[in-house]
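Reader: I should like to go through this structure and ask on what grounds each description rests. Please set each value against its criterion.

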Amino acid sequence: GISAGQLVAVIWDKSTPTEALKDLVDKLQGLTGSEDRVSVENIDQLLQFNNSKMKTASKLCSALTLSGLVEVKELQREPLSPGEVKSVQEHLGYNNNSLLIIQITGKKPNFEVGSSSQLNLSIIKKPSVKPAVDPAAAKLWTLSANDMEDEGMDLIDSDELLDPEDLKKPDPASLRAASCGEGKKRKACKNCTCGLAEELEKEKSEAQKSSQPKSACGNCYLGDAFRCASCPYLGMPAFKPGEKVLLSNSSLHDA
Amino acid sequence: MPSLQMLVLFGSQTGTAQDAAERLGREARRRRFGCRVQELDSYAVANLIREPLVIFVCATTGQGDPPDNMKNFWRFIFRKNLPATSLCQLDFAVLGLGDSSYAKFNFVAKKLHRRLLQLGGSALLPACLADDQHELGPDAAIDPWLGTLWEKVLGLHPVPLDLPEIPSGVPLPSTFILQLFQDAPSTVPQESATSSLDSSQLPSESQPFLAPMVMNQRVTGPSHFQDVRLIEFDITGSGISFVAGDVVLIQPSNSAANVQQFCQVLGLDPDQWFTLQPREPGVSSPPGLPQPCSVWHLVTRYLDIASVPRRSFFELLACLSPHELEREKLLELSSATGQELLCEYCSRPRRTILEVLCDFPHSAGAIPPDYLLDLIPRIRPRAFSITSSLLVHPNRLQILMAVVQYQTRLREPRRGLCSSWLASLDPGQADPIRVPLWVRPGSLAFPESPDIPVIMVGPGTGVAPFRAAIQERVAQGQTRNFLFFGCRWRDQDFYWKAEWQDLEKRGCLTLVTAFSREQEQKVYVQHRLQELGPLVWELLDCHGAYFYLAGNAKSMPADITEVLMSIFQEHGGLSGPDAATYLARLQRTLHFQAETWA
């Protein structure tokens, strides 16, 4: 049942005559269509290499997964026929009645070099195990806690818990906001029609400053949260568009 | 079934740590962990030995102290009798919030981290030391720390692959479900606060006393820039008792104008009634909200619409917004890269939630009522030093209050919620509004013996607790009282001038004044203190005097201690280091006490 394109592994041992092995391999290569598709392994080498840990199918599946194959699946398993058992006995010296023939498939993943993929292994992380509370300690704690009113209990001096580091004040430089030192930001509102947004753009490219427009930008009625930095209505509540709002001189005083 | 149950425990004074804790809770739920978020003092600490994973979110307040809602836990966790292996089951992390302009920066977080290790806990990562002093606030430290925290948590407790993270643009289910009533309920529930003696409990945050206001008098001159009021409450029948140095807490309401505007922008009917049910089991109904409740009550008494929104507000509003332009901007303001913009738009000018909603009207109009309590925090009470003594004014409680008003770059001036509300109330009204209040001990304690002299330094409204102390001491025959009082002009803000002069005549008070603007150079209380150095030294060293300081926290406390050190050296003959040791000893023995506020 060998056809072109399949990969074949030929397992042989010392009992195999070399001539017969070479013939078999040539035939297989002819059938599979290229030299690279027939792999020849000596059983003794395999056994040495793989030791006793690979005695079950599931362990083999795990080993294949760990070595990087994906979609490792067991396709078929059948017990050996008595003739096959006898053959194993003779060639391998292995005597066991529960031998099975297992067919496993796996795929080499379609990855670029250097890529990685998470293995779907379920590892349950154990929460850190804490020691149980000593019953005597628990009792003392509970007794004390149930007597909250007692003002006469001895207290430790809490000041003694502190060390000189604790008494230090923070460095004043660490108390400034990240962007401070440049003065207040002049922000344009979202739908700026008064020209402030463009002006800020110009300033960025170091063009000449235009004079500040005084007129409404179209968003003045919305309230301080939406007003631009040059809005004459800053400090006053929101109003309806078109509503007349008087700006007396006193309202332009700073604090 | 979530893979892990996490616990977030917080201690918060101003709400910032609570906000951070709730953010942690949301991030946990987005990653499909079960997560409970709880105040430390509400947590049954006996269970801590069985918890697998706890994140502690703790602010440091005052002089390196824990916030009020973790004070009990703090006293517990340092008990000597707690065994060193108690927390061997626990993986933990500590997120600290603090202010590095204070010497004891994040001391609570640092100490807690060490103590949990001492008790056998395992730290997932080093403590986060978030800092108000950073230009971008606490988030500058919190954001990267959270990234590392989730890496560690997910490393230990990976989530099954069929449970992906809930993406950030999708809102998590609301904490509560609002059931609207068709009509107003037939029986309107009683105010949860008491207004008479039938309660056996002392008034507290959960059950304030509704005190009628009987006096609301401006005590600064008409041309003075600041409006300062002497306000008196009638506490008859409340069961409230206090001594000098104690503090009153007042729960303010929003103004009618703001309530109306809020309802209009959100499309809410103030007369609508509803009940609130928590969505998850084990979550309690919001405390302090009557059920059933009206929208008017919710918006007037509960939702802090006058507060400055945090980043989490913008995050949630973005999820709920149907309007493309607004949603985009909201997402930007809640993103890690948008924090500078948020600072500029919101935090620096102190823009309020109500103002932000008016800037985003389409988003505001689409807010489902179920999400209101997730979006807007609860109004917090404000503390005032009590300025009267029950021995002189029985059944009365007085405070000295400056109305907070200042300008930022917003056209509308910023106003203090509580001070503006109290200033607006008229005691002369036929049906005066009652003010929810309760009392707690303050940080100042006065000696009982009549022979011990007391030196008090209280410029401006800092004099408030000392007026109570002097009234009380004089009534008890303790007449060795020395008051250093500073203000700008003797005819504009010299509080209680007549009262002091009367006490001086009776030999119960030595008053030393400093009027800062009445001469070319500024004269402050510390200058007067320096001038009377020999007397101060004698009182402290030979007569066991107690020294008190109250008022604005900015530079006055440092100025005063500097003068004291100079007096110890010049008139006590002490060396520099010895003077420091002397002051430290005074502090330890409560002979030097300070109450200052920001």
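Reader: At which residues of chain B does UniProt place the feature "binding site"?

Author: The model is a predicted one. For chain B, the unreviewed UniProt entry places "binding site" at Thr461(B), Ser516(B), Arg517(B), Lys522(B), Val523(B), Tyr524(B), Val525(B), Gln526(B) and Asp559(B). Such annotations may be inferred rather than shown by experiment.

Reader: What makes Thr461(B) partly exposed?

Author: The class between buried and exposed runs from 20% to 50% relative accessible area. Thr461(B) has a relative accessible area of 22%, and is therefore called partly exposed. Thr461(B) lies in the loop between β18 and α14 (464–475) of chain B. Apart from neighbours within four places in sequence, Thr461(B) is in contact with Val228(B), Leu400(B), Ala402(B), Tyr495(B) and Trp597(B).

Reader: Why is Lys522(B) also described as partly exposed?

Author: Its relative accessible area is 41%, which is neither under 20% nor over 50%, so Lys522(B) is partly exposed. Lys522(B) is placed in the loop between β20 (510–515) and α16 of chain B. If residues up to four places away in sequence are not counted, Lys522(B) touches Ser516(B), Arg517(B) and His527(B). Ser516(B) and Arg517(B) are themselves among the positions that UniProt annotates as "binding site".

Reader: Why are the buried residues of α17(B) said to line one face of the helix?

Author: Helix α17 of chain B spans residues 533–542, and its buried residues are Gly533(B), Val536(B), Trp537(B), Leu539(B) and Leu540(B). Viewed down the axis of α17(B), these buried residues fall within an arc of 165 degrees, so they line one face. The general background is that an α-helix has 3.6 residues a turn, so residues three or four places apart point the same way.

Reader: What covers the buried residues of α17(B)?

Author: The covering elements of chain B include β18 (454–457), β19 (481–487), α16 (525–531), β21 (546–552), α18 (556–570) and α19 (576–588). Just after α17(B), Gly544(B) adopts a positive phi of about 60 degrees.

Reader: What makes β13 and β14 of chain B edge strands?

Author: The sheet in question is open and has six strands, in the order β13-β10-β17-β8-β9-β14 (chain B), with antiparallel pairing. Within it, β13 (382–385) and β14 (396–402) of chain B each pair on one side only, and they are the edge strands. From one strand to the next, the twist averages 40 degrees. Helix α13 (residues 417–424) of chain B packs on this sheet, touching β8, β9 (228–234), β10 (247–250), β13, β14 and β17 of chain B. The direction of α13(B) makes about 120 degrees with that of β14(B).

Reader: How do you know that β8 of chain B pairs with β17 of chain B?

Author: Pairing requires at least two bridges between the strands. Four bridges join β8 (residues 209–218) to β17 (residues 434–440) of chain B, so the criterion is met, and the two strands run antiparallel. Phe209(B) stands opposite Leu437(B) in β17(B), and Leu210(B) has Pro436(B) as its bridge partner.

Reader: What makes β8(B) and β9(B) a pair?

Author: Five bridges join β8(B) to β9(B), against a requirement of at least two, so they pair; they run antiparallel. The bridge partner of Gln217(B) in β9(B) is Leu230(B).

Reader: Why is Gln18(B) not called buried, but partly exposed?

Author: A buried residue would need a value under 20%. Gln18(B) has a relative accessible area of 27%, and is therefore partly exposed. Gln18(B) is found in helix α1 (residues 16–30) of chain B. Leaving aside neighbours within four places in sequence, its contacts are Phe10(B), Ser12(B) and Arg380(B).

Reader: In chain A, why is Cys194(A) called buried?

Author: The relative accessible area of Cys194(A) is 14%, which is under 20%, so the residue counts as buried. Cys194(A) is found in the loop between α5 (135–145) and α6 (196–204) of chain A. An unreviewed UniProt entry assigns "binding site" to Cys180(A), Cys189(A), Cys192(A) and Cys194(A). Over chain A, buried residues make up 20% of the 255 residues.

Technical notes:
Residues are numbered from 1 along each chain as its sequence is written. Chains are lettered from A and ligands numbered from 1 in the order in which they are written. This is a predicted model: local features need pLDDT of at least 70, side-chain atom pairs count only at pLDDT 80 or more; totals for chains, interfaces and linings use all residues. Side-chain values use heavy atoms; hydrogens and water are left out. Buried means under 20% relative accessible area, exposed over 50%, partly exposed in between (1.4 Å probe, protein chains only). The arc is that of the directions from the helix axis to the C-beta atoms. Contact means heavy atoms within 4.5 Å. Axes are lines fitted to C-alpha atoms, for helices over the stretch in contact, and angles run from 0 to 180 degrees between N-to-C directions.
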